[in-house]
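Dear colleague,

I am passing on the structure we spoke about, and below it you will find notes on what turned up. Please read them with the structure open beside you.

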Amino acid sequence: MVASVHPLATRAGLDVLKSGGNAIDAAVAVGLTLGVVDADNSGIGGGCFMLIRLANGKFVAIDGREMAPAAATRDMFVRDGKADGELSQTGALASGVPGEVAAFDYAIKKFGRKKLADLLLPAAALAEKGFEISHSYAARLESVSEDMAKFESSRAVFFHDGKPLPNGFRFKQPDLAATYRGIAGQGSDWFYRGPFAQAAGKWMKANGGTMTAADFANYHIALREPVTTTYRGHKVVSMSPPSSGGVHVVQMLNILEKFDLKSLDEATRLHVIAESMKLAFADRAHWLGDPDFAKVPRGLVSKKYAAALAKRIDLKHSTDVASHGQPPAWNTDVFKHHTTHFSVADAEGNWVACTATVNTSFGSKVVIPGTGVVLNNQMDDFSAQPGVPNAFKLIGAEANAVAPGKRPLSSMSPTIVLKNGKPIIAVGASGGPKIISAVLMELIGLLDLGLTPEQAVAAPRIHQQWSPDELMVEDSLPGNLRAALEKRGHVVKVLPSMATSQIVARDAKGKAFVGAADPRADGVAEGW
Ligand code: DON
């Protein structure tokens with residue numbers, strides 16, 4: 001079973017399963033194909049987190065997050081005393097060294113049955129043959145066209161007759177095809193130590209960037225120890241720092257386990273969930289960062305700490321959360337080791353939850369000339385200055401300050417749930433911080449409320465990230481619930497939609513696979 005945001009990517013994954021590949025092979029095929037057909041969300045110019053549950057029961061958490069270049073500095077985005085979001089979001093300074101190729105390469109070499117080239121070549125063929133630009137792709141491209149037009153090499157790929165590619169246009173990417181073939185022929189060194197690294201270094205030097213070919217050579221994936229908890233008889237396994245996603249999904253589940261969510265009326269249930277989000281995001285803003293640089297307290301995911309936070313939740317009123325909490329053992333026991341989401345599972349028992357991203361739409365908007373590769377703008381996920389919000393209005397502290405070789409904090413939350421030792425759910429989402437809320441609410445839908453994956457994905461979402469102190473709700477949330485939340489003191493802000501999520505799961509009997517692609521996007525979940 002494969003669930004992704006694009007039918008062609010889902011098909012690429014199924015083709016791999018049908019030809020004898022396992023879930024790890026199929027996931028990599030999906031990711032590489034998304035880089036061709038969904039470049040605004042993810043691609044080899046970006047990074048990913050890949051949570052794998054192997055058929056032998058072992059978990060592997062691959063951190064393919066971007067790394068800041070060696071010349072990055074704490075205040076590199078500060079001009080005249082103020083952080084400049086334009087610099088961390090667009091152009092030469094916005095990118096970290098991409099990690100997706102290294103993560104996929106590692107996953108395939110260690111756990112795949114195919115060769116990376118077997119997965120790159122069909123995606124290269126698709127890039128060459130082209131695909132039809134959809135209405136939503138054209139709209140996403142149009143929305144960033146002003147920034148993209150600043151870069152000649154990006155115009156050359158994404159513009160036609162001086163305009164962004166329109167709906168229905170057959171989009172062929174010969175340069176990207178050549179890049180995929182280069183990696184297929186010479187391995188990931190082609191990207192990190194060869195022609196791609198050199199082309200990127202050259203462009204950066206000419207355009208005021210700091211990233212060099214040497215930064216590419218120094219890139220490495222990290223293996224992390226996943227965060228885990230138990231939730232109402234299930235085991236939940238998720239991504240650890242430098243993602244904040246798993247930590248806070250686990251922290252909120254620990255808090256929410258103290259409430260009988262199923263028996264609460266819906267407004268009270270949503271209120272309690274929103275309060276848990278507020279408490280968790282207050283901690284995120286203070287404590288979270290790359291664990292190789294900052295002491296991220298393991299106590300954040302302890303049941304004892306969650307119990308203390310749960311006591312602060314008043315069922316009738318929204319609580320004032322002035323600042324972060326004090327998780328236990330914060331300076332002794334730390335997390336050290338260790339956007340698009342797709343989920344894949346195979347009949348042997350291999351499960352993959354992978355979230356990949358170039359950060360905001362089309363990343364830095366920069367295509368490295370001649371390569372077809374869109375570079376990420378993941379540097380914006382650092383806290384450019386304490387208390388100054390990034391593109392997702394997230395604030396951060398010292399733990400997430402920029403430093404050379406450091407990985408920016410993420411919200412990506414690839415998560416796998418087990419029951420009686422057997423995997424039953426692989427879930428994750430895109431949507432910046434709303435990823436964390438979406439994954440949480442889906443787990444509650446699946447584990448507390450008995451929803452099917454399709455129902456859990458489609459259900460109206462809410463999101464509270466502490467700062468700004470407002471409760472975002474999707475406009476599909478019925479008006480009476482909105483009013484009930486306002487009555488409890490929440491400042492409710494209505495948004496058309498939040499986050500995009502894909503789930504693969506076992507059905508209620510634990511036999512067949514079921515899958516769901518988010519109705520908010522154009523994806524497909526399909527089995528074979
Ligand atoms: O890693 C993160 O948390 C962000 N860079 C994810 C960006 C994202 O989900 C964009 N989607 N709307």
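Which of the 14 residues around the ligand come nearest? They are T339, Q378, D381, S410 and S411, and please keep in mind throughout that this is a predicted model.

Two of these residues also make polar contacts through their side chains: an N or O atom of Q378 lies 2.7 Å from a nitrogen atom of the ligand, while an N or O atom of S410 is 2.6 Å from an oxygen atom of the ligand. The protein buries 88% of the 340 Å² that the ligand exposes when taken alone. A polar side-chain atom of N359 is likewise placed 2.7 Å from a ligand nitrogen atom.

Looking at the shell as a whole, its residues divide into 9 polar, 3 nonpolar and 2 charged, and at least three of them come from each of domain 1 (2–222 + 340–382) and domain 2 (224–337 + 412–526).

The backbone has some features that you may like to find for yourself. The peptide bond between P241 and P242 is cis, with omega about 15°, and P242 sits in the loop between β12 (234–238) and α13 (245–256). A cis bond also leads from S467 to P468, with omega near 0°, and P468 belongs to the loop between β17 (462–463) and β18 (471–474).

Finally, R232 is not a glycine, yet its phi is positive at about 45°; this residue is partly exposed, with 29% relative accessibility. F362, also not a glycine, has a positive phi near 60°, but F362 is buried, at 0% relative accessible area.

With best wishes

Methods:
Residues are numbered from 1 along each chain as its sequence is written. This is a predicted model: local features need pLDDT of at least 70, side-chain atom pairs count only at pLDDT 80 or more; totals for chains, interfaces and linings use all residues. Side-chain values use heavy atoms; hydrogens and water are left out. A residue is near a molecule or strand if one of its heavy atoms lies within 4 Å of it. A polar contact is a pair of N or O atoms within 3.5 Å; within protein, one must be able to donate a hydrogen and the other to accept it, and residues adjacent in sequence count only if both atoms are side-chain atoms. Accessible areas come from the Shrake-Rupley method with a 1.4 Å probe; for residues, only the protein chains shown count as cover. Ala, Val, Leu, Ile, Met, Phe, Trp, Tyr, Cys and Pro count as nonpolar, Asp, Glu, Lys and Arg as charged, and the others, Gly among them, as polar. Domain bounds come from an automatic or database domain assignment. Helices (H or I, at least four residues) and strands (E, at least two) are DSSP runs, numbered from the N terminus. Buried means under 20% relative accessible area, exposed over 50%, partly exposed in between (1.4 Å probe, protein chains only).
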